[in-house]
Amino acid sequence: MVHVLVLAAAACGTASVQQPWLYAPVLDRGPADWGTVVGSDGKPLYPTCGAGAAQSPVNIAGAAADVNLKPLAVNYTAWRRYTVRNTQRAIELLPGGQEDAFLVDHNHHGARFNLTKIEFHSPSEHALGGGLTDLEMQLHHHVAPHHADKSAAHEVVVVSVLFKAGAAPNREFGFFSDLPGLPSAGFAHYEHPTHDLHVNEKVNPAAAAPFDYGAVAQAQGRYYTYTGSLTTPPCQEGVGWYVMQDVGVLSTQQLADIRKALGFDDELAHAALHGAVDLPPYTLFGNNRPLQKKHKRAVRASTACADRMPHAHDDDDTSERLSIAGCVMGSLALVVLLSMVLGTQAPAPHAHSQ
């Protein structure tokens, strides 16, 4: 059953769904057991989660620089109408149906991938140098039907941006303050193994402030990339991951808002840590899958420093020229700066300097 409420000119809804898998490591349904969870027919529902050799997330460390990787080419327009969905496993943003947002992957024959949803996990799923950050924003893309023949490598591409909490709020994340206003539907601070999940939705009206996710993702040009999987069942492999190298910032309050919306009680966690309260074994304080083994998979780091963010309509040659031009200008600026500091004259660039 779906209940529809009208609150502050926003439509909200609640629906229940079964939960055959959990984030909490209990009842043989936690992350370590996703691959062996069986359905009504006695067969594993998500065998790839356990048997797959290219799973995500991973720890990113010692990534090899690859000068051949091209900047991401995107057509990201701010969403004026979108749905905020709390699945009690993640906060998701779904486009309102009118947005034309996509990514063109010039590293894979210029295949187009349409943006289908944005997902938030806290703490982060990917680690940098062994350490998790406070939040991860994942932009999920699926290959456009008329481009499927171009993308033999991937059907799904995920662009990921990591964040840490700081003092200053991130202006693009204003909607975080509204998340606790979603109907709670009996949310608790744990995944109760015998209860169905409650999916809550809230439609952002067209007149409200748009979410300019592109300003968050496009501002950071360099990335790490590898081939992995979805981080939730069915753990489909063959996913192209682009994890931005720069870590963004959001305020401590914004982080608290999204964690509260997910039902995580950080004050309770602090009390439990100091022995002030006993918690049930299925208490949950994060919606991140544990790190997976790389199995000799290579993680590469882009070095492109385009002087403007390439557009999705740019061809391969244009993307490469942007990358070279940006790196040339950056190198010359560095030489000039050093010359001013050292009191020497900057050498004139060669005609074919790169």
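Visitor: In which sense do E3 and strand E10 pair, parallel or antiparallel?
Guide: This is a predicted model. Strands of a sheet pair through backbone hydrogen bonds, in one of two senses. E3 and strand E10 (residues 127-128) are joined over two bridges, and Asn59 has Ala127 in E10 as its bridge partner. The sense of the E3 and E10 pairing is parallel.

Visitor: Which are the edge strands of the open sheet that holds E3, E10 and E11?
Guide: The order of the three strands is E3-E10-E11, with mixed pairing. An edge strand here pairs on one side only. The edge strands are therefore strand E3 (59-60) and strand E11 (131-132).

Visitor: How many residues apart are Asp66 and Arg300, which meet in a salt bridge?
Guide: The side chains of Asp66 and Arg300 come together at 2.9 Å, N to O. Asp66 belongs to strand E4 (residues 64-66) and Arg300 to strand E18 (residues 300-302), so the pair links distant parts of the chain. The separation is 234 residues.

Visitor: Is Asp66 buried or partly exposed?
Guide: Buried means under 20% relative accessible area. Arg300, with 33%, is partly exposed. Asp66 has 14% relative accessibility, so Asp66 counts as buried.

Visitor: Why does the contact of Arg85 with Glu92 count as a salt bridge, and what is the N to O distance?
Guide: A salt bridge requires a side-chain nitrogen of Lys or Arg within 4 Å of a carboxyl oxygen of Asp or Glu. Arg85 is partly exposed at 25% relative accessible area, whereas Glu92 is buried at 9%. The closest N and O atoms of Arg85 and Glu92 fall within that cut-off because they are 3.9 Å apart.

Visitor: Which residues are linked with Arg85 in a network of salt bridges?
Guide: Arg85 forms a salt bridge with Glu92. Glu119 and Lys117 meet in another at 2.9 Å, N to O; Glu119 is buried at 5% relative accessibility, and Lys117 is partly exposed at 22%. The network links Arg85 with Glu92, Lys117 and Glu119.

Visitor: What is the relative accessible area of Leu103?
Guide: Leu103 is placed in strand E8 (residues 102-105). Leaving aside neighbours within four places in sequence, its contacts include Leu72, Val74, Tyr76, Phe113 and Val159. Leu103 is buried, with a relative accessible area of 0%.

Visitor: Which element gives the largest share of the largest nonpolar core?
Guide: The largest nonpolar core has 48 residues, and those with the most contacts inside it include Tyr76, Ile118, Phe120 and Phe173. Among the elements that give two or more residues to this core are strand E7 (91-95), strand E9 (111-121), strand E12 (135-143) and H3. The largest share, five residues, comes from E9.

Visitor: Which residue of helix H3 is in contact with Phe173?
Guide: Helix H3 spans residues 252-261, and its buried residues include Gln254, Leu255 and Ile258. Leaving aside neighbours within four places in sequence, Phe173 is in contact with Phe120, Met137, Phe163, Phe211, Val216, Leu250 and one residue that lies in H3. That residue is Gln254.

Visitor: What is the phi of Gly263?
Guide: Gly263 comes just after H3. Its phi is positive, at about 95°.

Notes
Residues numbered from 1 in each chain as written. Predicted model: local features only at pLDDT ≥ 70, side-chain atom pairs only at ≥ 80, totals over all residues. Heavy atoms only, no water. Buried < 20%, exposed > 50% of the residue type's maximum accessible area, 1.4 Å probe, protein only. Contact = heavy atoms within 4.5 Å. Core = buried A, V, L, I, M, F, W, Y, C linked by side-chain atoms within 4.5 Å.
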